[in-house]
Amino acid sequence: MKVEQISVFLENKSGRIAEVTGILAESGINIRALSLADTSDFGVLRMIVDNNQKAEEALKKHNFTVGKTFVVAVEIEDKPGGLYKILSILHKVSINVEYMYAFVQPNSKNAVMIFRFEKLEEAVRVLQENGVVVIDGDKVYTL
Amino acid sequence: MIFNIEYETMPREALEAIQLRRLQATLNRVYATVPFYQKKFEEAGITPSEIRSLADIQKIPFTTKQDLRDNYPFGMFAVPMDNVVRIHASSGTTGKPTVVGYTARDIGTWSELMARSLSAGGATRGDIIHNAYGYGLFTGGLGVHYGAEKLGASIIPVSGGNTKRQIIIMKDFGPTILTATPSYTLHLAEVAEEMGVSFKDLKFKYGIFGAEPWSESMRQEIENKLKIIAVDIYGLSEVMGPGVAIECHEAKAGLHIYEDHFIAEIIDPKTGKALPYGETGELVFTSITKEAFPVIRYRTRDISALNPEPCICGRSHVRMKRVSGRTDDMLIIRGVNVFPSQIESVLMQIDEVEPHYQLVVDRKDNLDTLSVLVEVGEHLFSDEVRNLQNLEKKISKDIKEILGVSAAVKLVEPKTIVRSEGKAIRVIDNRKL
């Protein structure tokens with residue numbers, strides 16, 4: 001039920017994201033979802049790609065620091081209150097969301113969001129108990 | 001004014017006779033009481049009795065900072081602890097400072113030499129001295145303090161920091177002499193301006209500045225801004241503390257070394273050979289009156305040159321040129337000695353692998369600033385920005401705790417720190433001195 005996300009450390013300089021995406025493009029890797037968190041000095045680019053191993057190798061070859069983390073992909077009804085429903089389930093049992101971002105998924109009536117939890121296993125269990133669809137990693141990479 | 005006319009203006013011949021007698025006595029004593037020196041002399045195949053002239057000093061092996069560290073904390077003391085009345089320490093690498101001790105007589109000597117120094121810098125017993133050198137393990141604050149009392153001047157032991165309060169004290173107490181690091185002095189000038197206080201309205205006449213490298217242009221800036229005469233003072237805790245040498249305010253051309261207490265040499269830092277007067281090299285000191293912590297041919301790693309020409313002030317003691325640099329990569333930041341290896345050990349404790357880092361020293365608004373760039377390898381990396389910010393804070397806090405200086409930590413991408421022949425360039429000093 002876990003999805004592997006790769007993250008890259010970037011200094012806050014112009015052209016850095018362009019370089020990362022360029023390296024991935026050269027290696028034929030498709031970015032499925034991404035988010036950027038930044039401070040005035042540096043940022044962390046987090047991505048779900050279709051081939052983690054290849055992406056990691058390509059980025060490391062270009063001296064980037066690459067980290068791997070497990071996140072959770074959750075299906076959300078694409079209508080008002082869809083995200084709220086998920087978050088209130090988690091809030092009730094005091095599960096903290098470290099961060100989240102949206103997944104690009106055309107041709108579907110549901111949205112998909114990526115969640116990073118400190119207590120991943122517990123979060124997945126609670127969500128499933130409440131009837132929320134948690135998407136399998138293998139499926140996410142090729143959605 | 002010359003504090004001790006007899007000794008400070010002594011003809012060279014008489015001075016050298018005293019130096020030889022005191023050197024021989026010191027050598028005999030350290031040979032008998034400090035196992036380190038006994039071993040060193042034996043390894044070099046000499047005994048103190050073979051030192052029959054001042055030139056013979058060149059037969060004696062050097063003492064280095066590493067030797068002091070190896071004998072941490074009290075291994076170099078030449079008297080029992082019963083006779084030690086004061087301990088000071090300077091920052092050192094890997095958290096081990098250099099520890100020095102003083103007997104009551106040593107404190108007396110130091111006070112005398114600081115009284116001489118303050119006099120040479122323009123102070124008299126009628127003056128009020130605003131002493132903004134730090135009080136504590138650092139020798140600056142207490143060194144000036146005891147000298148001022150010996151001189152009979154009034155000392156304000158204000159120490160460093162709390163700049164606004166310092167300005168108020170300057171306004172209200174009317175001090176006439178300022179003692180501080182040069183960079184802090186310029187900072188004081190700026191804060192005073194912000195507070196609408198003009199140095200024209202203050203009573204300062206002279207300033208005695210040291211404990212960090214500074215330049216002629218900084219002297220001019222200080223003299224213009226503070227409307228004072230500024231002189232350079234030199235010292236290091238291993239040799240005594242401040243007051244090893246000072247410029248006279250009459251000439252302001254080189255620092256008189258108190259040769260009745262120290263023998264100064266200039267050597268080639270690579271070969272260790274003694275260099276003649278006038279040539280530039282590494283300063284080496286032998287203390288010839290100290291009891292608790294004598295040093296024999298101590299390599300300061302400070303770059304200078306010696307000038308034996310008579311001075312207009314009347315002092316006969318040789319003058320050393322303003323220190324122009326260091327023979328190694330030690331940095332002096334706001335008066336604190338900083339070694340890149342100290343930063344390395346802080347990072348090692350966090351990362352447990354050899355970190356790639358770089359120190360960048362700048363001078364902003366006349367204060368030294370230290371930035372530490374750290375490459376984020378996989379061990380340090382986190383997908384959460386908060387963790388990375390906490391890492392920056394932790395490194396900064398550890399550096400402050402261990403080195404005593406504030407540093408701005410900046411995380412950078414791997415391989416972005418410039419490497420020269422495979423080795424990272426550890427230090428970039430942008431200060432224009």
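**Exercise 1. A residue and its surroundings**

In which helix of chain B is the place of Thr163(B)? Find the helix, then describe the surroundings of Thr163(B).

*Solution.* A word before the steps: the structure is a predicted model.

- Step 1. Look up the helix: Thr163(B) belongs to helix H7 of chain B, which covers residues 163-173.
- Step 2. Judge the burial. A residue is buried if 20 or more other C-beta atoms lie within 10 Å of its own, and exposed if 12 or fewer do. Thr163(B) has 17 C-beta neighbours inside 10 Å, so Thr163(B) counts as partly exposed.
- Step 3. List the contacts. Leaving out residues up to four places away in sequence, Thr163(B) touches His187(B), Leu188(B) and Val191(B).
- Step 4. Compare sequence with space. Ala132(B) is 31 residues from Thr163(B) in sequence, while their C-alpha atoms are 9.6 Å apart.

**Exercise 2. Two helices that pack**

At what angle do helix H8 and helix H9 of chain B pack, and which residues meet?

*Solution.*

- Step 1. Locate the pair: H8(B) spans residues 182-194 and H9(B) spans residues 216-226.
- Step 2. Read the geometry. The angle is about 35° and the axes lie 10 Å apart. The crossing of H8(B) and H9(B) is left-handed.
- Step 3. Name the residues. H8(B) brings Pro182(B), Thr185(B), Leu186(B) and Ala189(B), and across from them H9(B) brings Met218(B), Glu221(B), Ile222(B), Lys225(B) and Leu226(B).
- Step 4. Sort the residues of this contact by class: 6 are nonpolar, 1 is polar and 2 are charged.
- Step 5. Look at what else H9(B) meets. H9(B) lies across strands S6 (206-210) and S7 (229-236) of chain B, at about 130° to S7(B).

**Exercise 3. The two sides of a helix**

Which residues of helix H3 of chain B are buried, and why do they lie on the same side?

*Solution.*

- Step 1. Pick out the buried residues in H3(B), residues 35-44: Tyr37(B), Lys40(B) and Phe41(B).
- Step 2. Check the directions. These residues cover an arc of only 95° around the axis, which puts them on the same side of H3(B).
- Step 3. Recall the general pattern: an α-helix has 3.6 residues a turn, so residues three or four places apart point the same way.
- Step 4. Turn to the face away from the buried side, where Pro35(B), Lys39(B), Glu42(B) and Glu43(B) are exposed.
- Step 5. Ask what covers the buried residues of H3(B): helix H2 (12-33) of chain B is included.
- Step 6. Look just past the helix: Gly45(B) follows H3(B) and has a positive phi, near 70°.

**Exercise 4. A strand covered on both faces**

How many residues of strand S3 of chain A are buried, and which strands pair with S3(A)?

*Solution.*

- Step 1. Count: S3(A), residues 42-49, has 8 of its 8 residues buried.
- Step 2. Recall that in a regular strand the side chains alternate between the two faces of the sheet.
- Step 3. Divide the residues by face. Phe42(A), Val44(A), Arg46(A) and Ile48(A) are buried on one side, and Gly43(A), Leu45(A), Met47(A) and Val49(A) on the other.
- Step 4. Take strand S1 (3-11) of chain A, which pairs antiparallel with S3(A) over 6 bridges. Here Ile6(A) has Met47(A) as its bridge partner.
- Step 5. Take strand S2 (31-38) of chain A, antiparallel to S3(A) and joined to it by 7 bridges. Ala37(A) stands opposite Val44(A), and a hairpin through 3 residues links S2(A) to S3(A).

**Exercise 5. From a sheet to the chain contact**

Which strands of chain B form the open sheet of 4 strands, and which elements give two or more residues to the side that touches chain A?

*Solution.*

- Step 1. Write the order: S20-S19-S18-S23 in chain B, with mixed pairing. S20(B) and S23(B) (427-429) are the edge strands.
- Step 2. Follow one pair. S19(B), residues 367-375, runs parallel to S20(B), with 6 bridges between them; Leu370(B) is partnered with Ala407(B).
- Step 3. Add the helix: H11(B) lies across S19(B) and S20(B), at about 140° to S20(B).
- Step 4. Move to the contact, which takes 16 residues from chain B and 16 residues from chain A. On chain B, the elements giving two or more residues are H11(B) (385-403) and S20(B) (407-412).
- Step 5. Sort the side of chain B by class: 7 nonpolar, 3 polar and 6 charged residues.

Technical notes
Residues numbered from 1 in each chain as written. Chains lettered and ligands numbered in written order. Predicted model: local features only at pLDDT ≥ 70, side-chain atom pairs only at ≥ 80, totals over all residues. Contact = placed C-beta atoms within 7 Å. Nonpolar A, V, L, I, M, F, W, Y, C, P; charged D, E, K, R; others polar. Axes fitted to C-alpha atoms, helices over the stretch in contact; angles between N-to-C directions. Left-handed = near helix turned anticlockwise from the far one by under 90°. Arc of directions from axis to C-beta. Pairing = 2+ DSSP bridges.
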